[in-house]
Amino acid sequence: MPTCHIQHAKTMASKPWNVLVTGGAGYIGSHTVLELVQAGFMVVVIDSLSNAYKGNNDAKPVCLLRVEKLIDKEISFIHCDITNINELRDVFKKHTFYCVIHFAALKAVGESCEKPLEYYKTNVTGTLNLLEVMREYNVKNFIYSSSATVYGTPEKLPLDESMKTGDCTNPYGKTKFMVEEILKDLCASDNAWSVISLRYFNPVGAHPSGQIGEDPNGVPNNLMPYIAQVAVGKRKMLHIYGNDYDTPDGTGVRDYIHIMDLAAGHVKAMVYQKTSNSTGFKAINLGTGKGYSVLEVVQAFEKASGRRIECKIVERRPGDISTSYADASLANKELGWRATKDISDMCDDAWKWQQSNPNGYKC
């Protein structure tokens with residue numbers, strides 16, 4: 001994040017500007033917490049720890065302890081499950097917030113097809129609980145962690161925010177779409193609400209220090225961490241789900257975005273929300289605008305790691321689409337944000353994290 005924007009954020013945060021980050025011990029959440037604190041914001045993290053490694057520490061997950069070392073500041077953490085509305089109320093009773101950044105969710109496309117009820121409970125009901133408590137405590141600034149999956153099968157490319165949403169191909173995408181519809185209705189009913197829905201494409205990579213990164217439980221559901229685990233010797237080979245898509249090499253094409261670019265986008269969104277006095281619902285894509293196929297990502301990771309990635313073609317995965325990449329011009333226009341890192345940066349940082357932490361946060 002450019003120095004001028006960090007100073008701008010610090011000026012506003014000095015009031016202070018307290019932020020609640022739900023799911024802040026997750027992959028995207030932990031990197032965003034680091035960026036927020038470095039920009040001068042006061043942050044409170046809540047997380048159920050369903051997807052975070054706690055280690056031997058009784059108070060905080062390992063990822064947040066590492067964030068604290070990187071920024072040399074303590075982070076306020078509360079164990080809280082968003083599906084328990086009373087636990088949420090306890091958080092709001094103890095703290096005063098200006099804004100909520102909402103990451104807490106289940107996020108695997110394939111798993112959502114196998115466990116749809118769990119996804120609707122956490123992603124929809126949990127968000128409803130959060131919004132209800134926010135309304136009770138008159139906290140009406142909200143930044144939502146949405147997804148490009150809300151677009152479903154693209155009618156045309158690149159995907160921009162004016163395009164139709166809702167024709168989702170999997171329950172995960174449907175939960176994100178449903179919440180966006182709820183947020184639109186909420187803003188229409190009360191113009192005091194300011195909601196920015198950041199539609200992510202495919203977050204990958206890690207903090208350049210190699211100290212924090214993506215640490216999935218069990219078998220990774222996403223491409224980059226799976227490739228990294230093959231490269232480090234933790235898994236034998238990568239299964240590529242289909243090579244008969246209508247793409248140059250037959251494998252699926254996605255817009256991959258470096259996690260640090262994505263985290264910086266949240267700081268930009270908060271600055272925009274404050275300085276523009278923005279109200280209502282606004283959806284904004286966060287992506288690079290360039291798509292890479294599975295095989296192109298494999299080749300880039302082989303170059304970064306110096307390791308060969310063994311691959312096997314298997315059947316397509318339920319819920320997957322052929323190609324998806326962003327038109328991110330609105331993020332640049334409204335937030336002054338654009339992606340700065342390319343696929344080589346993403347692979348370099350992902351490999352640095354995986355090589356330094358072959359078993360994730362458990363090593």
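Analyst: Helices (H or I, at least four residues) and strands (E, at least two) are DSSP runs, numbered from the N terminus. The structure is a predicted model, in which local features need pLDDT of at least 70 and side-chain atom pairs count only at pLDDT 80 or more, whereas totals for chains, interfaces and linings use all residues. Residues are numbered from 1 along each chain as its sequence is written, and side-chain values use heavy atoms, with hydrogens and water left out.

User: What arc around the axis of helix 10 do its buried residues cover?
Analyst: Helix 10 comprises the 12 residues 294-305 and reaches 16 Å from its first C-alpha to its last, close to the 16 Å expected at 1.5 Å a residue, the expected span being 1.5 Å times one less than the number of residues. Its buried residues (under 20% relative accessible area; exposed is over 50% and partly exposed lies in between, with a 1.4 Å probe and protein chains only) are V294, V297, V298, A300, F301 and S305. These residues are on the same side of helix 10 because the arc that they cover, taken from the directions from the helix axis to the C-beta atoms, is only 165°.

User: Which exposed residues does the opposite face of helix 10, turned away from its buried side, carry?
Analyst: An α-helix has 3.6 residues a turn, so residues three or four places apart point the same way. The buried side of helix 10 packs against several elements, among them helix 8 (223-231), strand 8 (238-241), strand 13 (311-314) and helix 12 (343-356), where contact means heavy atoms within 4.5 Å. The face turned away from that side carries the exposed residues Q299 and K303.

User: What phi does G306 take, just after helix 10?
Analyst: Helix 10 covers residues 294-305. G306 lies just after helix 10, and its phi is positive, at about 70°.

User: In strand 13, which residue is the bridge partner of L238?
Analyst: Side chains alternate along strand 8: L238 and I240 point to one face and are buried, whereas H239 and Y241 point to the other and are not. Strand 8 runs parallel to strand 13, and 4 bridges join them; two strands pair if DSSP finds at least two bridges between them. Within strand 13, L238 has as its bridge partner C311.

User: Which strands are the edge strands of the open sheet with the order 12-9-14?
Analyst: This open sheet consists of 3 strands with mixed pairing. Each edge strand pairs on one side only, which is the case for strand 12 and strand 14 (323-324).

User: Which residue of strand 12 is the bridge partner of V253?
Analyst: Strand 9 (residues 253-254) pairs with strand 12 in the antiparallel sense, over 2 bridges. The partner of V253 in strand 12 is S293.

User: How many residues apart in sequence are the parts that K60 and E74 tie together?
Analyst: Among the 12 salt bridges of the whole structure, each a side-chain nitrogen of Lys or Arg within 4 Å of a carboxyl oxygen of Asp or Glu, K60 pairs with E74, the closest N and O atoms being 3.7 Å apart. K60 is in the loop between strand 2 (42-47) and helix 3 (62-71), and E74 is in the loop between helix 3 and strand 3 (76-79), so the pair ties together parts whose separation in sequence is 14 residues.

User: Is K60 buried or exposed?
Analyst: The partner of K60, E74, counts as exposed at 71% relative accessibility. K60 has 10% relative accessibility and therefore counts as buried.

User: Which helix holds R89, the partner of E136?
Analyst: In the salt bridge of E136 with R89, the closest N and O atoms are 2.8 Å apart. The pair links distant parts of the chain, 47 residues apart: E136 is in helix 6, and R89 is in helix 4 (residues 85-94).

User: With which residues is E132 in contact, leaving aside its neighbours within four places in sequence?
Analyst: E132 belongs to helix 6 (residues 116-136) and is partly exposed, with a relative accessible area of 32%. Its C-alpha is separated by 9.8 Å from that of L88, 44 residues apart along the chain. Beyond its sequence neighbours within four places, E132 contacts I85 and R89.

User: Which residues have the most contacts inside the largest nonpolar core?
Analyst: A nonpolar core is a set of buried Ala, Val, Leu, Ile, Met, Phe, Trp, Tyr and Cys residues joined through side-chain atoms within 4.5 Å. The largest has 49 residues, and those with the most contacts inside it are F41, L198 and M270.
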